[in-house]
There are 6 protein chains.
Amino acid sequence: MSEVSGVSEVSGVSEVSGVRRAVCPGSFDPVTNGHLDVIERASRLYDELVVAVMVNDKKQGMFGLAERIELITVATAGCGNVVVDSFAGLLVDYCRDQQIGTVLKGIRATSDFDYELQMAQMNRELAGVETVFLPTNPEHSYLSSSLVKEVARFGGDVSRFVPAHVQVRLSERVAARGD
Amino acid sequence: MSEVSGVSEVSGVSEVSGVRRAVCPGSFDPVTNGHLDVIERASRLYDELVVAVMVNDKKQGMFGLAERIELITVATAGCGNVVVDSFAGLLVDYCRDQQIGTVLKGIRATSDFDYELQMAQMNRELAGVETVFLPTNPEHSYLSSSLVKEVARFGGDVSRFVPAHVQVRLSERVAARGD
Amino acid sequence: MSEVSGVSEVSGVSEVSGVRRAVCPGSFDPVTNGHLDVIERASRLYDELVVAVMVNDKKQGMFGLAERIELITVATAGCGNVVVDSFAGLLVDYCRDQQIGTVLKGIRATSDFDYELQMAQMNRELAGVETVFLPTNPEHSYLSSSLVKEVARFGGDVSRFVPAHVQVRLSERVAARGD
Amino acid sequence: MSEVSGVSEVSGVSEVSGVRRAVCPGSFDPVTNGHLDVIERASRLYDELVVAVMVNDKKQGMFGLAERIELITVATAGCGNVVVDSFAGLLVDYCRDQQIGTVLKGIRATSDFDYELQMAQMNRELAGVETVFLPTNPEHSYLSSSLVKEVARFGGDVSRFVPAHVQVRLSERVAARGD
Amino acid sequence: MSEVSGVSEVSGVSEVSGVRRAVCPGSFDPVTNGHLDVIERASRLYDELVVAVMVNDKKQGMFGLAERIELITVATAGCGNVVVDSFAGLLVDYCRDQQIGTVLKGIRATSDFDYELQMAQMNRELAGVETVFLPTNPEHSYLSSSLVKEVARFGGDVSRFVPAHVQVRLSERVAARGD
Amino acid sequence: MSEVSGVSEVSGVSEVSGVRRAVCPGSFDPVTNGHLDVIERASRLYDELVVAVMVNDKKQGMFGLAERIELITVATAGCGNVVVDSFAGLLVDYCRDQQIGTVLKGIRATSDFDYELQMAQMNRELAGVETVFLPTNPEHSYLSSSLVKEVARFGGDVSRFVPAHVQVRLSERVAARGD
């Protein structure tokens, strides 16, 4: 499952005429300081930014959908114009339902670029949805959810990579798994 | 399983002295308009072009080998010099058996390039088989079989990405799976 | 001279509270259909899009500043919210003067990405200006002003690469130079 | 499991003041001539080079840990200052335990680079461990353990890609599996 | 001046029906062992291979057009089906004049790829001319005419990088310049 | 002129048996915080690190050779094992004269990598000199001497990009030029 698709659970997003909105899709399993840097900066570029957790029915994550949403919601509480939601199926169907014309993606490195470009072009071809890329702050360029989980699983210190409440949950989850 | 290997089923290919032939290997699960653009353009560069479906005994595809071959055969019926075949094992063994000295690969983007270069160099080292790369038409640069299957699985319109007969099969398959 | 700097001539841009604006900087020597695709799509993502021609005091172009502005102005006449301007010096100084917080850059290929990322990070560090990248339509991915000029100089047909009024000027310029 | 983590079994490495040591981590399943080229050249750049096999508890390889270590040990017998070891968990914990401040990684191609850069930056952030990259000899640039195993599985000749004692084991393993 | 353009001097190439021909364009200032590896391998893939030296009226090289042609001609004397020629203006005009439908380019590394892809797409758009890429032998992947000239200028040994007759000319040229 | 060549002025470097030394070559016109980060980290990896300013007789820089050396010397005064020197001609000749077997290069981004790999392979082929790459700290990944000079020329604040004494010289130079 790639970023053309995910499955919409809660949706409190309503369209207001003349309002500039964008959606920032992702797995966020869990949200990292790299994601939050992009979300906070992007929230200043739009009237409303929807962070949409992609539902992947094929791949079990470390955190369930509700928990991923909760972790992002806590972390973005200070951004008044950020809405957290989820979607399943095609991202472009979600965009059409929510009347959002812009996808915003953080981009870290050259290796991200070709894949993201392919997704962007497919989504534009499918539904005229535009994708804009916002470069990740260089100091977060090496962060990814999977790398953070791996470090946590082996007892490494992830306090500089995720917010405190995410760090607590990571520790609990790792302890519970007994990995 | 990568593109040094696949498992030859049917083989009606016979070598004629002085004839320029190339093989275009792939999974083709299913064939897309991107593949067909490369196949049609490549068929004008050689006297005979063999499209060879790679048999992967480790990975179950959406379509079986016979159906993949059928879908390509229908799609390339208008190209008099295209032969559709399959192979298992090493691509270079297939090339030796068929006396084909050139592998032709479509190439879409920079991210494809390093992997394909590795395969090309291995195949030349193993058996002196040369690989040439033909750039995909930019308007198909974002297409891949896996992305098309994902869009189809969630009910997206794939009519611009695959021929009509492939679209029908994709719809049937998705409906049957009840995904 | 790179895209952190250029030299502001005319400036009819005025800030209105709550208005989302972005600047699309470039040399535009001359504007191509690739640029226009990005400008037209970007103009739908913002309330106002400023196309800002970078003044380069070190490099003589084929077209002077006034003519580059004229060619873009004619080509974007149909976009009500596109303003054409120019700037010299640092792009971030122009952004500060015009109170524009977002730079929008079209991006064509992986090879563009590293350079643009470097510019984006420098401009954010210098003045908190954000850069977002909008992918070029794949069918224009091979277009650049320099390549179009080279084709024109040798008598090639550039009618699919630039608008008609630009094509006329290119022909005149090439004829005048006697290249 | 990536190269921030692996699980230390045997460890005869002892720190001597003023001695320059580096660790070269990897899966080595099995060691190839490409790895050996990097190891031999790197061993001349340091007083002691530790080749550390990463223990991956999630992924079953073709060869077990003890056998991978044995195959490297035989192959590097001629390098007096090469020590073969293994580690599980975080590479930076291994480095701290062994008091090694430098990770040395062979690097083959651009596509390797972004991933390795991410690992390097994470490991420096986690523990101040530095990573240096040594370019693979171009004539080995297409070699990887997985590609060599695939060629061997289908009966291809791998004698130019691995040392003779590794080739023997590959043949035995492939025969035993009956693939 | 890029590889859409160059200026045809001598032309002994004549089209024969059913004959597969390709053109390998370049500056060849001077021809290196990397070029020759590509030319020799490509000459086995086509009935006739035209090596076409691009005339660049804007940039003075180390060797004049006649000398570049001579050096290639001597080096390829053993390939019965290689013709050496030159062209000015657009490569596609040369292809049309010579009735050659295929451009063959050696490709060394990822960084070459994006630029070459742009040229390939422009040339196909301009005149339906196809470009295929043949990967350089890895052991020559670091060679370029400009690097060889720089090494020669400072007295380095270039005997492994160019044929003996080219090495002699390089030495004479460097001595004459008194660099 | 690339990084296979430069022209040795001062040379206080003497070889001591068993001492691990490396040379870090560059233009350093002028030295930036990005260079200094690499130099300081590299100085901990070797017993002695020689920073070697490349003399380029073809390209006039902003600062002369003596001044570049002075600026680096002041900036690295705190690193007891850093020696500043210069070289002309081939880097490998300098390495041979100084009996240094390792070149250390900072590397910022993927786009640097292919070029640096080419230089590394040429230098190893010419003289058996090895090159290792040390990744730049991500927070300096967008810095380059040329970008810093451009920002300074237009009156931008470069205090976060270069040491204070370099900033003073940049200001003087820009004022003197009247740019």
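When I say that two copies are superposed, I mean a least-squares fit on the C-alpha atoms of residues with pLDDT of at least 70 in both. And pLDDT is the predictor's confidence in each residue, from 0 to 100.

Hi everyone, a little housekeeping before the fun part. This is a predicted model, where local features need pLDDT of at least 70, side-chain atom pairs count only at pLDDT 80 or more, and totals for chains, interfaces and linings use all residues. Residues are numbered from 1 along each chain as its sequence is written, chains are lettered from A and ligands numbered from 1 in the order in which they are written, and side-chain values use heavy atoms, with hydrogens and water left out.

How confident is the predictor? For the complex, the predictor gives an ipTM of 0.89 and a pTM of 0.91. Chain A has a mean pLDDT of 90, with 90% of its residues at 70 or more. Please take care with residues 7-16 of chain A, though, where pLDDT stays under 50. The model has 28 contacts there beyond four places in sequence, a contact being heavy atoms within 4.5 Å. Where pLDDT is low, the predicted coordinates should not be read in detail.

Now let's look at chains F and D. Turn chain F by 180°, with 0.0 Å of shift along the axis, and chain F superposes on chain D with an RMSD of 0.0 Å. That is the relation of a two-fold axis. Which residue of chain F comes closest to the rotation axis? That is Phe133(F), with its C-alpha at 2.4 Å.

In this pair, 26 residues of chain F touch 26 residues of chain D. The copies meet through the same surface, because 100% of the interface residues of chain F are also interface residues in chain D. Together the two chains bury about 2,300 Å², with 53% of that on carbon and sulfur atoms. Buried area here is the accessible area (1.4 Å probe) that two parts lose on being put together, summed over both.

How many salt bridges are there between chain F and chain D? There are four, where a salt bridge needs a side-chain nitrogen of Lys or Arg within 4 Å of a carboxyl oxygen of Asp or Glu. In one salt bridge, Arg41(F) pairs with Glu130(D), at 2.8 Å from N to O. On the side of chain F that touches chain D, the elements giving two or more residues are strand E4 (102-107), helix H4 (110-127) and strand E5 (130-135). H4(F) gives the most, seven residues. Helices here are DSSP runs (H or I) of at least four residues and strands (E) of at least two, numbered from the N terminus.

Next, chain F and chain E. Here 16 residues of chain F are in contact with 17 of chain E, and the buried area is about 1,400 Å², 61% of it on carbon and sulfur atoms. The rule finds one salt bridge across this interface: Arg160(E) with Glu125(F), the closest N and O atoms being 3.4 Å apart. H4(F) again has the largest share of chain F's side, with seven residues.

Last stop, some backbone details. In chain C, a cis peptide bond with omega of about 0° joins Asp29(C) and Pro30(C). Pro30(C) sits in the loop between strand E1 (21-26) and helix H1 (33-43) of chain C. Phe28(C) is found in the loop between E1 and H1 of chain C, and has a positive phi of about 50° although it is not a glycine. Chain E has a cis peptide bond too, joining Asp29(E) and Pro30(E). Thanks for listening!
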